[in-house]
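Subject: Structure for you to look at

Hello,

Here is the structure I said I would pass on. Please open it first, then read the notes below with the model beside you.

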Amino acid sequence: MEDLTPLTNLQQNSEGAPRKKKMSERQPLLLQSDASDYEGSRGSAVRPVRSSPPDNTLVNVHSEDSLAAASGSGDDENGSLDKSGYNPTHHRTLEHPTSNFDTLVHLLKGNIGTGILAMPDAFKNAGLYVGLVGTMIMGAICTHCMHMLVNCSHELCRRLQQPSLDFSEVAYSSFETGPIGLRRYSSLARRIITTFLFITQIGFCCVYFLFVALNLKDVIDHYYVINYRIYLVLLLMPMIVLNLVRNLKYLTPVSLIASILTVVGLAITFSYMLHDLPDVHTVKPFASWATLPLYFGTAIYAFEGIGVVLPLENNMRTPEDFSGPTGVLNTGMVIVACLYTSVGFFGYLKYGDAVKGSITLNLPQGDTLSQLVKIMMAVAIFLSYTLQFYVPVNIVEPFVCSHFDTQRGKNTAATLLRIILVTFTFLLATCIPNLGAIISLVGAVSSSALALIAPPIIEIFTFYNVGYGRYKWMLWKDIAIMIFGLCGFVFGTWVSLLDIFKKHTD
């Protein structure tokens, strides 16, 4: 899965008072502002759109201090704010609002990446029919959790009278306005979400590094066999140089090329999978209980696009079209689920238990077109690495740079940090050569926490003072999803680690 959370601002105001910051050159897609920007627009039904320079703004993000100030003002006796007449979508100041189609394209791009190429391996660990049904169920649950997050964001925005919130701010605000005894943990909740975002993106970077190396190795092995670690070493320096570019605006052509290569590569891969398909009886309908957690980890890794949901909804020209039965979110996730199910089903049916961690590695070595596909996908993922890398850098860089007084010192520290983090993902990829296992591990550890565990907890705390519906159906539903996510987290992590250590010692 290729996540677009790099477009979400994860930086916080390190100084006490909230203040408006000028958008820096290194963050062309980010804008920080406080609630004061919108004081004059309350009660208006018109969403103002400013003309602006070429830089894009996806979300208006607020500091923790401004959120705390909002949650502490205007409280009634139940601890809730009077939210009558406030519609957060009417108070968003956007520089480049996106259309429904633009949002759909970004949603698809945010959910389709290396995860889709690993779905046949996931079906191998589940079985043909269990994987077929399980993937559709997993897609439905993940989509519902995305709706939960959007609904909680809207409720909290109305309650705090804030135009928009990001993932970590929603977690913070749900605790801050929830049960009184748990409000002291609001900052901890925010840090946990940010930490899992960091782990997720570092995991993605590690998968991308290994994916590129293994696909290049598969091509070159037809002529000359070299250890995969040599390819990782050769990739290290170009990867460092590419990620020293701090302004995403300059990487837009790179992202476009990567998207085109991915679409073409997937189309050709489909043509190979659908050619001379064997009978369904040649593969297992159900694999085993022992490997089912590996399926869970890979599937949730592929579906974990929840980090892109709020940035996209916050930036829409007509955000009311995002949710709903035929909204952008449901439309996009139905397409994603169909693609994942198709690739997993036909990929496993075509190659059976011989399927590898990426379906591209099963394409015939001697075929020129298949070799071209592997190179195309390797180049596309290599170019996409920098987008995944943007989030962990933005999380750590403000803390590191705060220890330096001069601008030269800050720039040097930022450069060294990027080199260190890229090298760290390189070392992880070197230590774990099993692509399928590392994808499953990343999915089980961080993706399940963000996609299945966090949204139910946020919803429970958000509607604590509002109510959970008849027979408390919302509460029981959230508890069931949370238990499902926790089971996948524990068992998926355990089985993935066992699989990594087993194959590492073989």
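The protein chain has 16 helices and 2 strands. Keep in mind that this is a predicted model. Of its 506 residues, 58% count as buried. The accessible surface comes to about 20,800 Å², and carbon and sulfur atoms hold 67% of that. Among contacts between residues at least 6 apart in sequence, 83% join residues at least 24 apart.

Proline 120 and threonine 269

Proline 120 is a useful place to begin. This residue sits in helix α4, which covers residues 119-126. Is proline 120 buried or exposed? Its relative accessible area is 0%, so proline 120 is buried. Beyond its neighbours within four places in sequence, proline 120 touches Val343, Gly344, Gly347, Tyr348, Val355 and Ile359. Take valine 355 from that list. Proline 120 and valine 355 are separated by 235 residues in sequence, yet their C-alpha atoms are 6.7 Å apart in space.

Threonine 269 belongs to helix α9 (residues 252-273). With a relative accessibility of 2%, threonine 269 counts as buried. Setting aside neighbours within four places in sequence, its contacts are Ile359, Thr360, Leu363 and Val373. Ile359 is thus in contact with proline 120 and also with threonine 269.

Helix α12

Helix α12 runs over residues 328-351 and has 24 residues. How far apart should its ends be? At 1.5 Å a residue, the span should be 34 Å, and the end C-alpha atoms are indeed 34 Å apart, so the two values agree. Just after α12 comes glycine 352, with a positive phi of about 60 degrees.

Aromatic rings

There are 9 aromatic pairs in the model. One of them joins phenylalanine 303 and tyrosine 340: the ring centres are 4.9 Å apart and the planes stand at 80 degrees, so the pair is edge-to-face. Phenylalanine 303 lies in helix α10 (residues 292-303) and tyrosine 340 in helix α12, so the pair ties together parts that are 37 residues apart in sequence. Phenylalanine 303 is buried at 1% relative accessible area, and tyrosine 340 is buried at 0%.

A further pair is made by phenylalanine 345 and phenylalanine 346, with ring centres 5.3 Å apart and planes at 85 degrees, so this pair is edge-to-face too. Phenylalanine 345 has 15% relative accessibility and counts as buried, while phenylalanine 346, at 25%, counts as partly exposed. The cut-off explains the two labels: buried means under 20%. Elsewhere, Phe209, Tyr385, Phe389 and Phe426 form one aromatic cluster.

Salt bridges

The model has 10 salt bridges. Here are three of them, with the helices they belong to.

- Lysine 124 and aspartate 121 meet through their side chains, 3.3 Å from N to O. Both lie in helix α4, 3 residues apart, about one turn of the helix. Aspartate 121 is buried, at 8% relative accessibility.
- Arginine 159 and glutamate 155 meet at 2.9 Å, N to O. Both lie in helix α5, 4 residues apart, again about one turn. Both are buried. Glu155 and Arg159 are also linked with Arg158 in a network of salt bridges.
- Glutamate 397 and arginine 418 form a salt bridge in which the closest N and O atoms are 3.9 Å apart. This pair links distant parts of the chain, with glutamate 397 in helix α13 (residues 368-401) and arginine 418 in helix α14 (residues 407-431), 21 residues apart. Glutamate 397 is buried at 2% relative accessibility, and arginine 418 is buried at 6%.

Why can residues three or four places apart in a helix point the same way? An α-helix has 3.6 residues a turn, so a step of three or four places comes back to the same direction.

A surface patch

Last, look at the outside. Val133, Met136 and Ile137 make a nonpolar surface patch of about 270 Å². Valine 133 lies in helix α5, which covers residues 128-160. At 43% relative accessibility, valine 133 counts as partly exposed.

Regards

Technical notes
Residues are numbered from 1 along each chain as its sequence is written. This is a predicted model: local features need pLDDT of at least 70, side-chain atom pairs count only at pLDDT 80 or more; totals for chains, interfaces and linings use all residues. Side-chain values use heavy atoms; hydrogens and water are left out. Buried means under 20% relative accessible area, exposed over 50%, partly exposed in between (1.4 Å probe, protein chains only). Contact means heavy atoms within 4.5 Å. Accessible areas come from the Shrake-Rupley method with a 1.4 Å probe; for residues, only the protein chains shown count as cover. Patches are made of residues with over 30% relative accessible area and no salt bridge: like charges are joined within 9 Å, nonpolar side chains (Val, Leu, Ile, Met, Phe, Trp, Tyr) within 5 Å. A salt bridge is a side-chain nitrogen of Lys or Arg within 4 Å of a carboxyl oxygen of Asp or Glu. The expected span of a helix is 1.5 Å times one less than its number of residues. Rings of Phe, Tyr and Trp (its six-membered ring) pair if their centres lie within 6.5 Å; planes under 30 degrees apart count as stacked, over 60 as edge-to-face and the rest as tilted.
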